[in-house]
Amino acid sequence: MHISEGILSAPVLISGAVAAAGGVAIGLKKTENEKIPEVGVLSAAFFVGSLIHVPLGPTSVHLILNGLVGLLLGWAAFPAILVGLVFQAILFQFGGLTTLGVNTVTMALPAVIGYYLFGPAVRSESEKTALVGAFLCGSFGVLGAAILVAFALFWTGQSFLEVGKMVVYAHVPVMVIEGLLALFCVAFLRKVKPELLEVKR
Amino acid sequence: MMKRVWLLLIVVTLLFPIVASAHRISVFAYQEGNKIHIEGFFSDGTPTKQAAVEVYDASGKKLYSGRTNEKGTLAFDMPKAEGKLKIVLIASMGHRAETIFKLKKAGAGTVSDSQSAGVAEKMVQPKPAAFPEKAAGISEQEIRSIVRDEVAKAIQPVMRALAKQEAEKVSFSDIVGGIGWILGLMGIWMMMKVRKR
């Protein structure tokens, strides 16, 4: 899901960077002090997640964890994912420094949208609703990122539908895995630390 | 009890596949006879199937474009260019890698071989009889080119292994280092927020 350097044109890179900067600013502003450790931990999880490679499908894909990050952090997913991406680019040469903005948006925006779409379900009293919401949020993060990647590549002249289909198909296994992962995490947190999810009682 | 089971599940899912490798593509080119072979793979060793390959000369003119096969490889005829070739591999979903390939003339050494040929002549001059230009109908130039091709063929697996190793260099210390950086930044952020009060 990391777009490499040298693929996108300057206008796409710049708009991506501007959008990412806006998201990061909102994220930093909205983060309360008590949430900071959580942002750090999830940023680290995101950073490591991309090393977990899923050997299924036509290409090589890896976990993204953006759905989970968004679910727990909301807008703070932007700074968390940006920091994770910076170190992935520096240490693993995933993506690249010039594409940081675009990559941040493609992964953090679906995270934030997932937070608003499925957050209420995850916070609900009913355990079942919460688990379904968690699964959907985990999968939605990957799906949204795939669609945004296809959209970014569309500006390079590649056919949106073709690339989109390809990216989405390739990530179906990841969507299932991340859905389950989010489900396990939410189930765990509801039992151990429900205040982290702001569960209504 | 349930708590422990959940915790265990999460730990196992998160830790188990860390050994698996990562995501980036690499492209590797080598010459064999009159063809240039290209091989592309993701950093976990999966070949880049059906990836676009573009070849440019030193001035940026596109000389060749094609696609890799199911094994992630592609071979094309040596272009009639000189100097360096830029080989770009574009795999699906915005992955891109490039490599610079230095052109060597295949076959009997011609102009580009003038330097080594010149040296050889000087060596030959003192004892022309002991090392004749033509031995058993094979010229020295031909021997040179055959040896060069054979050596290139022989070291090919080594070169490929090296390229793959280069590609898989996500190391454990990088991972731990990155986590450390992130937690450190988090600490700085907290410190600054707390001081403001």
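**View 1. Strands 1 and 2 of chain B are joined by 8 bridges.** The two strands run antiparallel, and strand 2 covers residues 35-42. This is a predicted model. One pair to look for is B:Gln31 and its bridge partner in strand 2 of chain B, B:Ile36. Strands of a sheet pair through backbone hydrogen bonds, either parallel or antiparallel.

**View 2. Strands 1, 2 and 5 of chain B form an open sheet.** The order across the sheet is 1-2-5, and the pairing is antiparallel. Which strands lie at the edges? They are strand 1 (25-32) and strand 5 (73-77) of chain B. Each of these edge strands pairs on one side only. From one strand to the next, the twist averages 20°.

**View 3. Chain B also has an open sheet of 4 strands.** Read across, the order is 4-3-6-7, with antiparallel pairing. Strand 4 (62-67) and strand 7 (95-102) of chain B are the edge strands. Each of the two pairs on one side only. Neighbouring strands in this sheet are turned by 15° against each other on average, direction ignored.

**View 4. Strand 6 of chain B meets strand 7 of chain B through 8 bridges.** Strand 6 spans residues 84-91, and the two strands run antiparallel. Find B:Ile90, then look across to strand 7 of chain B: B:Arg96 stands opposite.

**View 5. Helix 7 of chain A has its buried residues on one face.** Helix 7 of chain A covers residues 160-170. Which of its residues are buried? They are A:Val163, A:Val167 and A:Ala170. Seen down the axis of helix 7 of chain A, these buried residues fall within an arc of 70°, so they line one face of the helix. They pack against strand 2 (61-62) and helix 6 (127-154) of chain A.

**View 6. The largest nonpolar core has 77 residues.** Six residues have the most contacts inside this core: A:Val69, A:Ala77, A:Ala80, A:Ile81, A:Val149 and A:Ala182. Helix 6 of chain A gives the most to the core, with 15 residues. In soluble globular proteins, nonpolar side chains tend to be buried together.

**View 7. A:Ala80 touches residues including A:Val39 and A:Leu42.** Its other contacts are A:Ser43, A:Phe46, A:Val69 and A:Leu73. Residues up to four places away in sequence are not counted.

**View 8. Another core, of 18 residues, lies apart from the largest one.** Among its residues are B:Ile25, B:Val27, B:Phe28 and B:Ile36. B:Ile36 already appeared in View 1, as the bridge partner of B:Gln31.

Key
Residues are numbered from 1 along each chain as its sequence is written. Chains are lettered from A and ligands numbered from 1 in the order in which they are written. This is a predicted model: local features need pLDDT of at least 70, side-chain atom pairs count only at pLDDT 80 or more; totals for chains, interfaces and linings use all residues. Two strands pair if DSSP finds at least two bridges between them. Axes are lines fitted to C-alpha atoms, for helices over the stretch in contact, and angles run from 0 to 180 degrees between N-to-C directions. A residue is buried if 20 or more other C-beta atoms lie within 10 Å of its own, exposed if 12 or fewer, and partly exposed in between; C-beta atoms are placed from the backbone. The arc is that of the directions from the helix axis to the C-beta atoms. Two residues are in contact if their C-beta atoms, placed from the backbone, lie within 7 Å. A nonpolar core is a set of buried Ala, Val, Leu, Ile, Met, Phe, Trp, Tyr and Cys residues joined through C-beta atoms within 7 Å.
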